[in-house]
Amino acid sequence: MGDPLTLSNLQSYLDIIKYNNMKAMITTSGLDSHIAVLCDGRVVPCCLDYEAIIELGNLHNRSLDEILEQKRVKDIRDGFTCGEAVEELCQRCSYKSRFEK
């Protein structure tokens, strides 16, 4: 079995690179095939957003359908479809570089 998931392991995936005022091309499955739900019920588009910087809602207050029908979610999803990162955190994410050719 692999190493247990720790905050330091997760942080290594979140090595943030400088964003040089250019639109970042991004490939992700966030909000397409998966989402993340934090232990307190907050919903975020990516499991790497463990601080809920892109908090979309809370399952204690709203249904998942209500959360996923929001304009912000649609904008993020549409951006990903076009290869564009709408949210600042996504623009600075270096994890996407693992999938670049």
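What share of the 101 residues in the protein chain is buried? Buried residues make up 33% of them. The model is predicted, and the legends below take it view by view.

**View 1. The whole chain holds four helices and three strands.** Read along the sequence, the elements follow the pattern α-β-β-β-α-α-α. The chain exposes about 7,000 Å². Carbon and sulfur atoms supply 52% of that area. Among contacts with a separation of 6 or more, 46% join residues 24 or more positions apart. A search of the whole structure finds five salt bridges; three of the views below include one of them.

**View 2. Aspartate 49 is buried and has no salt bridge.** This residue lies in the loop between strand 2 (42-44) and strand 3. The nearest side chain of opposite charge belongs to arginine 72, 7.2 Å away. A salt bridge needs nitrogen and carboxyl oxygen within 4 Å. The side chain of aspartate 49 does reach a backbone atom: the nitrogen of isoleucine 53, at 2.7 Å. Beyond its neighbours within four places in sequence, aspartate 49 is in contact with Leu38, Val44, Ile54 and Leu89.

**View 3. Alanine 52 has a positive phi, near 55°.** Most residues other than glycine have a negative phi. Alanine 52 sits in the loop between strand 2 and strand 3. Its relative accessibility is 9%, so alanine 52 counts as buried.

**View 4. Cysteine 39 is exposed.** Its relative accessibility is 88%. Cysteine 39 is found in the loop between strand 1 (36-37) and strand 2. Tyrosine 50 lies eleven residues from cysteine 39 along the chain. The C-alpha atoms of the two residues are separated by 9.9 Å.

**View 5. Val37, Leu59 and Leu64 make a nonpolar surface patch.** The patch covers about 220 Å². Leucine 59 is in the loop between strand 3 (57-58) and helix 2 (64-68). With a relative accessible area of 37%, leucine 59 is partly exposed.

**View 6. Lysine 71 and aspartate 75 form a salt bridge within helix 3.** The N to O distance is 2.7 Å. Why are the two residues separated by about one helical turn? They are four residues apart in helix 3 (residues 71-81). Lysine 71 counts as exposed, at 60% relative accessibility. Aspartate 75 is partly exposed, with a relative accessible area of 30%.

**View 7. Arginine 72 forms a salt bridge with glutamate 87.** The closest N and O atoms are 2.9 Å apart. This pair links distant parts of the chain, 15 residues apart. Arginine 72 is in helix 3, while glutamate 87 is in the loop between helix 3 and helix 4 (88-91). Glutamate 87 is buried, with a relative accessible area of 16%. Arginine 72 is partly exposed, at 34%. Arginine 72 is also the nearest side chain of opposite charge to aspartate 49 in View 2.

**View 8. Arginine 92 and glutamate 88 meet in a salt bridge.** Their side chains come to 3.7 Å, N to O. Is glutamate 88 buried or exposed? Glutamate 88 is exposed, with a relative accessible area of 54%. Arginine 92 is partly exposed, with a relative accessible area of 25%.

Note on methods
Residues numbered from 1 in each chain as written. Predicted model: local features only at pLDDT ≥ 70, side-chain atom pairs only at ≥ 80, totals over all residues. Heavy atoms only, no water. Patch = residues over 30% accessible without salt bridge, like charges linked within 9 Å, V, L, I, M, F, W, Y side chains within 5 Å. Areas by Shrake-Rupley, 256 points an atom, 1.4 Å probe, with all protein chains shown as cover. Buried < 20%, exposed > 50% of the residue type's maximum accessible area, 1.4 Å probe, protein only. Lys, Arg positive; Asp, Glu negative; His and termini not counted. Polar contact = N/O pair within 3.5 Å; in protein donor to acceptor, adjacent residues only side chain to side chain. Contact = heavy atoms within 4.5 Å.
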